[in-house]
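Student: I would like to go through this structure with you and ask, for each label, how it follows from its definition. Could you show me where to begin?

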Amino acid sequence: MEEGELIALPFLFEFWAMEHQLPPEDVDDWRTWVVMGGRGAGKTRAGAEWVRSRVEGSRPLDAGECARVALVGETIDQVREVMIFGDSGIMACSPPDRRPVWQAMRKRLVWPNGAVASVHSAHDPEGLRGPQFDAAWVDELAKWKRGQDTWDQLQFGLRLGDRPQVCVTTTPRNVSVLKQVLEAPSTVVTHAPTEANRAHLASSFLEEVRRRYAGTRLGRQELDGVLLSDAEGALWTSEMIEAAQVAKPPALDRVVVAVDPVVSSGAGADECGIVVVGAVTKGPPQDWRAYVLADCTVAGLSPSGWAKAAICAMERFGADRLVAEVNQGGQMVAEVIRQVDPLVPYKAVHAKRGKVARAEPVAALYEQGRVFHVSGGLGALEDQMTRMTARGYEGEGSPDRVDALVWALHELMIEPAAVWRRPTVRSL
């Protein structure tokens, strides 16, 4: 390569970019491009380079496709410090002969070719009323407190040029404005987890966040960049589950393994829900606390296979009792478990009420802050929980993991509390 080409190479983003950092090539007629990914996945760089591609021409003074750009973040400071002057911001990405000038008093960037990018805050949606644009870069839309109002005002301002477009870079959160944007037919999406950008991240950072958050619902959102949505009217919300996270449990008084058995096996069979829960039950019931320790659910196993998995979970966590629902398998459930271990402490439970009726008092324990999740490995269970509503389960298949969780908490918290409160009848 010639010297000029070598000098230009670091600024040719199409050469260096990862797939998720470029708009989909097979879709031309899009209005909104959402770059959705985990923390550190390269979203800011994608947004900054997209702005460059819209405002720069072939030569420094040549006009680009766009001349009026909106830069919208949660606050003015965040736009300035992340989107403009950040390590992956517009200034860092721009070659010296095309680098814009920051006009602090007017809160805007001005390129050598005359293109202008103005700064706007999501705290002030009305600030977008009046200006007009042919492009916009929106950063961390999912965390804006006034997201819907700000997004709406921005849409009214995107009215210049033949095809005004907006790039949204965000870590997903279960908020209505992001879901509406994703559902729009004019939206295209690229996605990547934090791991995709590992070459540019400290290895100690990746090791620490994997250790602490791998397998958790928060990890799937913040590291995998997965949008975790709650069903409307869910008995458990994402916020409720996030508030219940703890690093490790205290010393426990009782531990149980609860099983929601399946009577069939093979690839098409439902999962066998196996959940381990412990509790601290000293003092009156209002002082009791429960801790969900593990989700050991298995799929595709024969009855003896899931029975062995349940008993292994008991041995691993030192459980006091195995609780199994017997509505489907009846006596077969007890026989299968006894064949694996004749001496296992076992209790059969019968579902006399529907799933929702059994789950509601358990959800109330979460609302009271009396149930906690030990971080790690509970992501699939927590996903099922957010799909359980007062109308029933709105996910795919059966909520086997939730059923097992409900039985465990009934055994540890609800039934003993009812006995504790029952008045003692004394004989005369």
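Student: Why is cysteine 272 not in a bond with cysteine 296?

Tutor: A disulfide is a pair of cysteine sulfur atoms within 2.5 Å, and the closest cysteine sulfur to that of cysteine 272, in cysteine 296, is 11 Å away, so the two are too far apart for a bond. This is a predicted model, in which local features need pLDDT of at least 70 and side-chain atom pairs count only at pLDDT 80 or more, whereas totals for chains, interfaces and linings use all residues. Residues are numbered from 1 along each chain as its sequence is written, and side-chain values use heavy atoms, with hydrogens and water left out.

Student: How many disulfides does a search of the whole structure find?

Tutor: The search finds 0 disulfides. Cysteine 93, for instance, is in none, since the nearest cysteine sulfur, that of cysteine 167, is 12 Å away.

Student: Why does cysteine 93 count as buried?

Tutor: Buried means under 20% relative accessible area, exposed over 50%, and partly exposed in between, with a 1.4 Å probe and protein chains only. Cysteine 93 has 4% relative accessibility and therefore counts as buried; cysteine 272, at 1%, counts as buried too.

Student: What makes strand E5 largely enclosed by the rest of the structure?

Tutor: Strands (E, at least two residues) and helices (H or I, at least four) are DSSP runs, numbered from the N terminus. In E5, residues 116-121, 6 of the 6 residues are buried, so the strand is largely enclosed. Val116, Ser118 and His120 point one way, Ala117, Val119 and Ser121 the other way, and all are buried. In a regular strand the side chains alternate between the two faces of the sheet.

Student: How do you know that E2 and E4 pair with E5?

Tutor: Two strands pair if DSSP finds at least two bridges between them. E2 (residues 68-73) runs parallel to E5 and is joined to it by 6 bridges, with valine 119 as the bridge partner of leucine 71. E4 (residues 108-110) pairs with E5 in the antiparallel sense over 3 bridges, and valine 110 stands opposite valine 116.

Student: What makes up the largest nonpolar core?

Tutor: A nonpolar core is a set of buried Ala, Val, Leu, Ile, Met, Phe, Trp, Tyr and Cys residues joined through side-chain atoms within 4.5 Å. The largest has 36 residues, and those with the most contacts inside it include Trp236, Val292 and Leu409. Helix H15 (400-421) is among the elements that each supply at least two of its residues, and the largest share, 10 residues, comes from H15.
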